[in-house]
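Colleague: I have the sequence and the fold open on my screen. Can we go through them together, in short steps?

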Amino acid sequence: MDTVAQTFAPPPRIGMVGGGFMARTHTRAARAAGAQLRVIATSSAAGSRRAAAELGYEAAANGEDLFDHDLDVVHVCTPNSTHAEHSLRALDAGSNIICEKPLATDASAAAAIRDRAKSLGLGGTVPFVYRYHPMVREARARIRRGDAGTLLTVDASYLQDWLLSAEDENWRVDASSGGPSRAFADIGSHLVDLIEFITGEHIMSVVATTRTVHPRRGGAEVTTEDTVAMTVELSGGGIGSILVSQLAPGRKNRLVIEVGGSKESLRFAQEQPEQLWVGRRVGSQLLDRDPDALSPDAARLCTVPPGHPQGYQDAFNAFIADSYAVFAGEVREGVPTLDDGVRAALVTEAVLRSAADRSWVEVEAR
C-alpha cells in the first residue's frame, strides 16, 4: 500500500469528533496505542464537556475550535451525514484522519475525501476492523498461498436484532443523518470489505433486494432498509450470496463469511473469532488461534497466548495502532485505507440501484 510522508513522531496528538459508542471504542484503542488525547468535540458544548470528563480529553469550545488545535490525527465518529464535512476540515487543517464507515453517504463525497488526502500528502483509514482478527488474516494468507485453489463461491451474512421492533429508534434510521442506506452501509459494508480483503478479488456486479419492514419508527417515516439479500459476481469468476439484517431475533453481531475454493473452504464467524474452519472433501479441520501454527501476518496480531480469547476491542486496538504507524511513515500489512472506504460506498450505491431497478448492476470503478 502507499504510505504518506512522515508527519509526526509517535505518539500522535489526536482529536475526537463525536462522543458516543464509537468515540469510546476509538479512545480505548488510542490510549492503548499511547496517543496523546488532546481535544474532543460533540454536537454541543455541554456534550463536549461531558465527553471530555468521561474520556480524558480537553473539551473543544465549539465544533470549529477542534480543528484549530495542532493535531496529528482526527478521529471522526459522528453521524454519517457529517463524515465528509469533518474529514475535509481535518485534512485542510493538516491532520490525518480515521473516519468511521461509511466514509461518506455517497461515493462521490467519499472519493473527494480520498483525493483531498492524497493531494495534501496526508493519510486516512476506515475502521473495517474485522480484518484485524488473526483468523481472518489466516484465511487471507491461505488463499494467497493457493491453498484454497480457484475461488468458486462466497456465502456471507451479517445479522443483528437491535432494530427488531418498530419502537426501536436510532439516528441511523433517519436518512438525513444516516444516509440513503442503513443496514447495508452500516454492517453490509463490513462484508464487502472482508470478501474483497480475504479473496483479493473485487465484487464486479450485484443484484439485490431490500426491505423496509417498519415503514415508521417512533411516529417518523423510515426510508432506509432493514434487510438486504443479494447475489454478487467476483472479478475471478466466482459467485456469492450476501444476507444482511438488523431484524434477526437473537442475533447480536453474527458476521459469518465462508469462501469455497476448488481445494478447500474457509469459514470465519466473528462471534467465534478464535477459530477458522478449513473444509476439505476429506479431513476438514477446525484451526485454533495459535501463533505458532499461523501465517506471519496472523501471528503478529496474536497479542495474548492461545486459550486467552481475543475479541472486537483487540481488533480495534490493532487497527488504530497500525493506522498511527502508517501515518508516521511505516509500512503495515492490510490497513484499510480511504480507497477501501470508496470501494464500500461504490458497492452500496450499486446495491441501492439494483434494488430500485430490480436488475443486475455493475459496480462502478472510481
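Modeller: Start with one cut-off: a residue is exposed over 50% relative accessible area, buried under 20%, and partly exposed in between. Keep in mind that this is a predicted model.

Colleague: Then is R358 buried or exposed?

Modeller: R358 sits in the loop between α10 (338–357) and β17 (361–362). Its phi is positive, near 55°, though the residue is not a glycine. Its relative accessibility is 66%, and the cut-off for exposed is over 50%. So R358 counts as exposed.

Colleague: How many aromatic pairs does a search of the whole structure find?

Modeller: Rings pair if their centres lie within 6.5 Å. On that basis, the number of aromatic pairs in the whole structure is five.

Colleague: What kind of pair do Y130 and Y312 form?

Modeller: Their ring centres are 6.3 Å apart. The planes meet at 50°, and the class between 30 and 60 degrees is neither stacked nor edge-to-face. The pair is tilted.

Colleague: How many residues apart in sequence are the parts that this pair ties together?

Modeller: Y130 lies in the loop between β6 (124–125) and α5 (134–145). Y312 belongs to helix α9 (residues 312–327). The pair therefore ties together parts whose separation in sequence is 182 residues.

Colleague: Is Y312 buried, partly exposed or exposed?

Modeller: Its partner Y130 is at 4% relative accessibility and counts as buried. Y312 has a relative accessible area of 25%, which falls between the 20% and 50% cut-offs. So Y312 is partly exposed.

Colleague: Which class fits the pair F316 and F319?

Modeller: Both residues are buried. They are three residues apart in helix α9, so about one helical turn separates them. Their ring centres are 5.9 Å apart and the planes stand at 90°, so the pair is edge-to-face.

Colleague: Which residues form the aromatic cluster?

Modeller: The two pairs just discussed belong to one cluster, along with Y132 and Y158. One member, Y132, also has the charged end of R137 over its ring, 4.6 Å from the centre. The full cluster is Y130, Y132, Y158, Y312, F316 and F319.

Colleague: Is α5 parallel or oblique to α7?

Modeller: α5 and helix α7 (residues 183–199) have axes 7 Å apart. V136, R137, A139, R140 and I143 of α5 meet L194, F197, I198 and T199 of α7. By class, that contact has six nonpolar, one polar and two charged residues. The angle is about 45°, so α5 is oblique to α7.

Colleague: How is α3 placed against α4, roughly parallel or roughly antiparallel?

Modeller: The axes of helix α3 (residues 83–92) and helix α4 (residues 107–120) are 10 Å apart. Their angle is about 5°, and angles under 35 degrees count as roughly parallel. So α3 is roughly parallel to α4.

Colleague: Which residues of α4 does α3 meet?

Modeller: The contact of α3 with α4 has eight nonpolar, two polar and two charged residues. From α3 come H83, A84, S87, L88, L91 and D92. In α4 they meet A109, A112, I113, R116, A117 and L120.

Colleague: Which elements do the buried residues of α3 pack against?

Modeller: α3 is mostly covered, with seven of its ten residues buried. These are H83, A84, H86, S87, L88, A90 and L91. They pack against β1, β4 (73–76), β5 (96–99) and α4.

Colleague: Is V17 buried or exposed?

Modeller: V17 is in strand β1 (residues 13–17). V17 touches several residues beyond its sequence neighbours, including A41, F67, V76 and H86. Its relative accessibility is 6%, so V17 counts as buried.

Colleague: Where is P102?

Modeller: P102 is joined to K101 by a cis peptide bond. Omega there is about -5°. The place of P102 is the loop between β5 and α4.

Colleague: Last one: which residues does T42 contact, leaving aside neighbours within four places in sequence?

Modeller: T42 lies in the loop between β2 (36–41) and α2 (45–55). At 21% relative accessibility, T42 counts as partly exposed. Its contacts are G18, G19, G47, S48 and A51.

Conventions: Residues numbered from 1 in each chain as written. Predicted model: local features only at pLDDT ≥ 70, side-chain atom pairs only at ≥ 80, totals over all residues. Heavy atoms only, no water. Phe/Tyr/Trp six-rings, centres within 6.5 Å; stacked < 30°, edge-to-face > 60°. Helix = DSSP H or I, 4+ residues; strand = E, 2+ residues; numbered from the N terminus. Buried < 20%, exposed > 50% of the residue type's maximum accessible area, 1.4 Å probe, protein only. Lys NZ or Arg CZ within 6 Å of the ring centre and 35° of its normal. Axes fitted to C-alpha atoms, helices over the stretch in contact; angles between N-to-C directions. Parallel < 35°, antiparallel > 145°, perpendicular 65-115°, else oblique. Contact = heavy atoms within 4.5 Å. Nonpolar A, V, L, I, M, F, W, Y, C, P; charged D, E, K, R; others polar.
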